[in-house]
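Here is a short walk through one protein chain. Keep the sequence and the 3D view side by side as you read.

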Amino acid sequence: MIHYVLLKFAPGTDLDAAEARVRKTYDELAEALPYLNDPEVYRSCIERDSNADIMAKVRLDDESCLQPYLTHPLHLAMAQHFKDMLIGRTSFDHQ
């Protein structure tokens, strides 16, 4: 299963720092979780109101891995860190 998350940050957010935090967290998650594979993090090259700023993509072994990944302490810490910086978050999953 492929899981995507798209993050839109509030104006004035340090996107370099946000991108570095997302990359670091997903690298750590890939080390900690044997079912989380191939993390990729992208930053939008166009600044538009309708664009997300950062997109992360991971491959999970199957649907049963989604909830443990979402509730893992590393993921929760990242979400907590960004909670006041985000103005939008969207996820998308497919086989």
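Strands β2 and β3 run antiparallel, joined by six bridges. β2 covers residues 36-43. One pair to look for is N37, whose bridge partner in β3 is R59. This is a predicted model, and each value here is computed from it.

β3 has a second partner. β1 also pairs with β3 in the antiparallel sense, again over six bridges. Here, H3 has V58 as its bridge partner in β3. So which residues of β3 lie on its covered face, and which on its uncovered one? The strand spans residues 54-60. I54, A56, V58 and L60 make up the covered face. M55, K57 and R59 make up the uncovered face. The two bridge partners just named fall on opposite lists: V58 is on the covered face and R59 on the uncovered one.

Now step back to the whole chain. Three helices and four strands make up its secondary structure. Read from the N terminus, the order is β-α-β-β-α-α-β. Along the principal axes, the C-alpha atoms fill a box of roughly 35 × 25 × 15 Å. The radius of gyration is 13 Å, which agrees with the value near 12 Å for a compact globule of 95 residues. Contacts tell of links across the sequence. Among those with a separation of 6 or more, 74% join residues 24 or more positions apart.

What share of the residues counts as buried? The figure is 34% of the 95 residues. The accessible surface comes to about 5800 Å². Carbon and sulfur atoms hold 53% of that surface.

Next, go inside. In soluble globular proteins, nonpolar side chains tend to be buried together. In this chain, the largest nonpolar core has 21 residues. V22, Y26, L36, L60 and Y69 have the most contacts inside it. The elements that give two or more residues to this core are β1, α1, β2, β3, α2 and α3. Take L36 as a way in. Beyond its neighbours within four places in sequence, L36 is in contact with Y26, L29, A30, V58, R59, L60 and Y69. That list includes L60 and V58, both on the covered face of β3.

Helix α3 comes next. It runs over residues 73-82, and its buried residues are H75, M78 and F82. Why do they sit on the same side of α3? They cover an arc of only 65 degrees around the axis, which puts them on one and the same side. The general rule is that an α-helix has 3.6 residues a turn, so residues three or four places apart point the same way. The buried residues of α3 pack against β1 (2-9), α1 (15-32), α2 (66-70) and β4 (86-94).

Just before this helix, in the loop between α2 and α3, is H72. Is H72 buried or exposed? Its relative accessible area is 18%, so H72 is buried, the cut-off being under 20%. Leaving out residues up to four places away in sequence, H72 touches L29, A32 and L33.

Return to β2 for two more residues. D38 lies in this strand. Its phi is near 55 degrees, a positive value in a residue other than glycine. With a relative accessible area of 45%, D38 is partly exposed. E40 lies in β2 as well. E40 is partly exposed too, with a relative accessible area of 28%. Beyond residues up to four places away in sequence, E40 touches M55, A56 and K57. The C-alpha atoms of E40 and M55 are separated by 8.2 Å, and the two residues are 15 apart along the chain.

Last comes the loop between β2 and β3. A52 has its place there. It is partly exposed, with a relative accessible area of 21%. Apart from residues up to four places away in sequence, A52 touches L6, L7, K8 and S44. A52 and N37 are 15 residues apart in sequence, with 23 Å from C-alpha to C-alpha. D49 is found in this loop too. D49 is exposed, at a relative accessible area of 78%. From D49 to S91 is 42 residues in sequence and 18 Å in space, C-alpha to C-alpha.

Conventions: Residues are numbered from 1 along each chain as its sequence is written. This is a predicted model: local features need pLDDT of at least 70, side-chain atom pairs count only at pLDDT 80 or more; totals for chains, interfaces and linings use all residues. Side-chain values use heavy atoms; hydrogens and water are left out. Buried means under 20% relative accessible area, exposed over 50%, partly exposed in between (1.4 Å probe, protein chains only). The arc is that of the directions from the helix axis to the C-beta atoms. Contact means heavy atoms within 4.5 Å. Two strands pair if DSSP finds at least two bridges between them. The radius of gyration is taken over C-alpha atoms; the globule rule is 2.2 Å times the number of residues to the power 0.38. Accessible areas come from the Shrake-Rupley method with a 1.4 Å probe; for residues, only the protein chains shown count as cover. A nonpolar core is a set of buried Ala, Val, Leu, Ile, Met, Phe, Trp, Tyr and Cys residues joined through side-chain atoms within 4.5 Å.
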